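Me: I am new to this structure and would like a close look at a single part of it. Could you take me through the pocket and its lining, and then add a little about what lies elsewhere?

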Amino acid sequence: MKSYRENRPTLLLVDDEPTNLQVLKHTLQDNYRLLFARDGAKALELAAKEKIDLALLDVMMPGMSGFDVCQQLKANPATAMLPVIFITALSDTADEQRGFEIGAVDYITKPFSPVIVKARVRNHLSLVQSDSLRQTRLQIVQCLGMAAEYKDNETGMHVVRMSHYTRVLALAAGYSEADADELLNAAPMHDVGKIGIPDAVLQKPGKLDADEWDVMRRHTEIGAQIIGHHDSGLLQLAGVIAMQHHEKWDGSGYPLGLAGTQIDLAARIVAIADVFDALTSVRPYKKAWTVDEAVQLLQRDAGKHFDPELVPLFISCLPEILAIKARWADEPQPPSAIAKPADAPLRAPAEAISAA
């Protein structure tokens with residue numbers, strides 16, 4: 001197990017004046033692991049080989065300036081996300097503006113107060129930690145969504161595609177960028193309840209009987225139970241989508257029989273994205289439909305299955321939708337992997353949609 005000192009955040013301190021480095025050392029050494037550089041080249045070398053959490057960077061240095069160092073850090077994908085705080089004697093507004101424009105997160109002028117340096121470092125590391133936790137949460141959500149999809153049809157690309165379709169449609173429907181991103185990240189959980197459906201039902205290549213459909217439909221409620229009850233946030237949205245994405249505009253869906261705007265807007269958006277991708281993808285029980293065939297079904301079922309105002313919006317976004325479909329295409333499957341009439345009866349279109 002690592003010791004406390006080994007687990008401390010690592011700071012890179014860059015200044016050509018040894019006195020300044022000494023002051024920073026005394027200010028920060030009790031709480032952080034410190035690395036030191038007296039020129040830009042050494043700073044870039046350390047950033048390339050060490051895991052650094054934050055850099056404090058002097059601007060005015062001989063040879064390579066702090067601005068130059070920051071630009072090179074931001075140009076390198078491996079260090080682009082490293083937070084940089086400039087510590088400098090320059091106090092002109094134009095210099096500060098330039099620092100922020102090239103990617104710095106803060107600007108402290110010399111002579112600096114140790115109290116201010118400690119506070120700024122602590123605050124920016126807290127932001128880094130929050131971003132890391134948010135990324136971890138999203139990765140867990142995406143992994144759960146892909147786990148359900150792998151069990152269903154052996155590909156995780158469906159949840160990637162449909163979640164991006166969802167974002168495109170949400171923006172067309174008036175969502176803000178932030179809300180559309182939240183929906184993109186919640187959408188992969190829509191079918192997580194399939195984890196609780198027996199393989200004999202979920203992977204059956206032929207037509208499901210009435211009892212099997214009763215079992216299949218339970219995935220909505222199972223999904224909501226897996227996600228749990230949350231008063232707000234990403235998981236609350238994911239729970240609503242898991243429960244309601246098979247509801248229909250005319251009230252004939254499941255599990256609650258909701259109709260029209262009783263169905264949450266997020267679930268109505270996901271329903272269109274989910275069905276379009278399911279229809280245009282190969283599944284064990286069917287061949288892929290053409291885009292035109294899938295669009296015709298959406299138009300035919302607008303006002304019955306789907307929100308009649310959302311369907312035209314989705315169709316208007318087809319260029320973006322098809323670009324997403326091409327970007328995250330499934331690996332080609334051999335003909336033997338696709339059910340044919342000679343092997344087993346294909347599911348009717350309504351059944352294929354319900355299994356999406």
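Reply: What follows describes the pocket, then turns to a helix and a further residue.

The model is predicted, and its largest pocket holds about 570 Å³ of space. Of the 21 residues that line this pocket, those closest to its centre are Asp53, Met81, Leu82, Pro83 and Val128. Two elements, α3 (40-49) and α6 (114-153), are the ones that give two or more residues to the lining, and the largest share, six residues, comes from α6. Sorted by class, the lining of the largest pocket is made up of twelve nonpolar, five polar and four charged residues.

Beyond the pocket, helix α14, which spans residues 291-301, has as its buried residues Ala294, Val295, Leu297, Leu298 and Asp301. When one looks down the axis of α14, these buried residues fall within an arc of 160°, so they line one face of the helix. On the face of α14 turned away from that buried side sit the exposed residues Asp292, Gln296 and Arg300. After α14 comes Gly303, which has a positive phi, near 90°.

The last residue to look at is Ala75, which belongs to helix α4, residues 66-75. Ala75 has a relative accessible area of 62%, and because exposed means over 50%, Ala75 counts as exposed. In sequence Ala75 and Ile102 are 27 residues apart, while in space they are 9.9 Å apart, taken from C-alpha to C-alpha.

Terms used. Residues numbered from 1 in each chain as written. Predicted model: local features only at pLDDT ≥ 70, side-chain atom pairs only at ≥ 80, totals over all residues. Heavy atoms only, no water. 1 Å grid on protein atoms, 1.4 Å probe; cavity = no way out; pocket = protein on both sides within 12 Å on 5 of 7 lines; lining within 4 Å. Points joined across faces, edges and corners; volume = space filled by probe spheres on them. Helix = DSSP H or I, 4+ residues; strand = E, 2+ residues; numbered from the N terminus. Nonpolar A, V, L, I, M, F, W, Y, C, P; charged D, E, K, R; others polar. Buried < 20%, exposed > 50% of the residue type's maximum accessible area, 1.4 Å probe, protein only. Arc of directions from axis to C-beta.
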